[in-house]
Amino acid sequence: MTRFKTLLVFAILAIFSTTFIANSQSHSSKKTAAKPTSAATEAKPAAPAVTPEVAKQIFQKRCVVCHGADGKGNKTIAPKAPDFSDAKWQARHKEAVLINAVSNGIGQGKGSMPSWKKVLNEGEIKALVAHVRTFAKKQK
Ligand code: HEC
């Protein structure tokens with residue numbers, strides 16, 4: 001019994017020391033590796049540019065269900081979804097309003113506009129709003 005305990009203590013110690021060593025090693029290697037390349041390649045890892053093409057892909061994956069591929073809205077699933085191809089609707093809705101709507105959602109429950117801020121970052125949301133704008137332009 002006591003022997004088992006000492007073994008256990010040793011095992012735990014061993015695990016701790018290896019993780020500690022691994023951590024300190026990765027820290028030091030990170031520091032030395034980051035220096036020469038940081039300016040050129042690692043400048044903006046947190047906010048990669050969201051191209052219109054990427055925004056379109058996100059829209060197709062996450063928004064088309066309710067808003068339709070043409071942006072006119074899927075009346076069966078989301079009867080309240082607005083018609084993005086309506087230039088007048090676009091004109092009435094300012095940038096900040098749409099960004100806020102996509103970030104925080106509108107209404108609640110089934111068929112309402114969900115909040116996306118936990119799923120998408122700010123850059124993605126802005127790019128999606130820009131994509132929403134393209135539906136009206138295409139119609140002309
Ligand atoms: C579950 C269905 C559903 C999904 C998925 C959905 N929407 Fe919506 N969306 C709605 C509904 C319903 C409305 C209208 C809400 C209202 O006016 O009450 C709406 C409204 C909007 C509006 C107009 C906001 C305003 O101020 O009137 C924008 C912009 C929008 N959605 C963008 C998106 C984007 C971008 C995505 C994908 C990331 C998305 N939606 C995904 C249902 C959805």
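A residue counts as partly exposed when the number of other C-beta atoms within 10 Å of its own falls between the buried limit of 20 or more and the exposed limit of 12 or fewer. That cut-off is used at two stops on this tour of a predicted model.

**Whole chain**

Start with the chain as a cartoon. It has six helices and zero strands, so the order of elements from the N terminus reads α-α-α-α-α-α. Colour by pLDDT next: the mean for the chain is 79, and 64% of the residues reach 70 or more. Then select residues 15–34, where the pLDDT is below 50. Beyond near neighbours in sequence, this stretch has one contact in the model. Of the 140 residues in the chain, 11% are buried. Among contacts between residues at least 6 apart in sequence, 50% join residues at least 24 apart.

**Helix 2: isoleucine 58**

Select residues 52–62, which form helix 2, and pick out isoleucine 58 there. Is isoleucine 58 buried or exposed? Neither label fits: isoleucine 58 has 18 other C-beta atoms within 10 Å, and is therefore partly exposed. Leaving out residues up to four places away in sequence, isoleucine 58 touches Glu124 and Leu128. Put a distance label between the C-alpha atoms of isoleucine 58 and glutamate 124: the separation is 8.4 Å, for two residues 66 apart in sequence.

**The nonpolar core**

Now select Val50, Ala55, Phe84, Val102, Ile125, Ala127, Leu128, Val129, Val132 and Phe135. These ten residues are the largest nonpolar core. Helix 6 gives the largest share of this core, six residues. Centre the view on alanine 55, a member of the core. Beyond its neighbours within four places in sequence, alanine 55 is in contact with Val50, Ala127, Leu128, Ala130 and His131.

**The ligand**

Show the ligand and the 23 residues around it. Which of these come nearest? They are Cys63, Cys66, Ala101, Met113 and Leu128. Leu128 also belongs to the nonpolar core of the previous stop and is touched by isoleucine 58.

Colour the shell around the ligand by residue class to see 16 nonpolar, five polar and two charged residues. Then select helix 3 (64–67), helix 5 (95–104) and helix 6 (122–139), each of which supplies at least two residues of the shell. Helix 5 provides the largest share, four residues.

**The loop after helix 5**

Last, select leucine 120, in the loop between helix 5 and helix 6. Leucine 120 is partly exposed because 18 other C-beta atoms lie within 10 Å. Add serine 103 to the selection: its C-alpha atom is 8.2 Å from that of leucine 120, and the two residues are 17 apart along the chain.

Methods. Residues numbered from 1 in each chain as written. Predicted model: local features only at pLDDT ≥ 70, side-chain atom pairs only at ≥ 80, totals over all residues. Near = placed C-beta within 6 Å. Nonpolar A, V, L, I, M, F, W, Y, C, P; charged D, E, K, R; others polar. Contact = placed C-beta atoms within 7 Å. Core = buried A, V, L, I, M, F, W, Y, C linked by C-beta atoms within 7 Å. pLDDT = per-residue confidence, 0-100.
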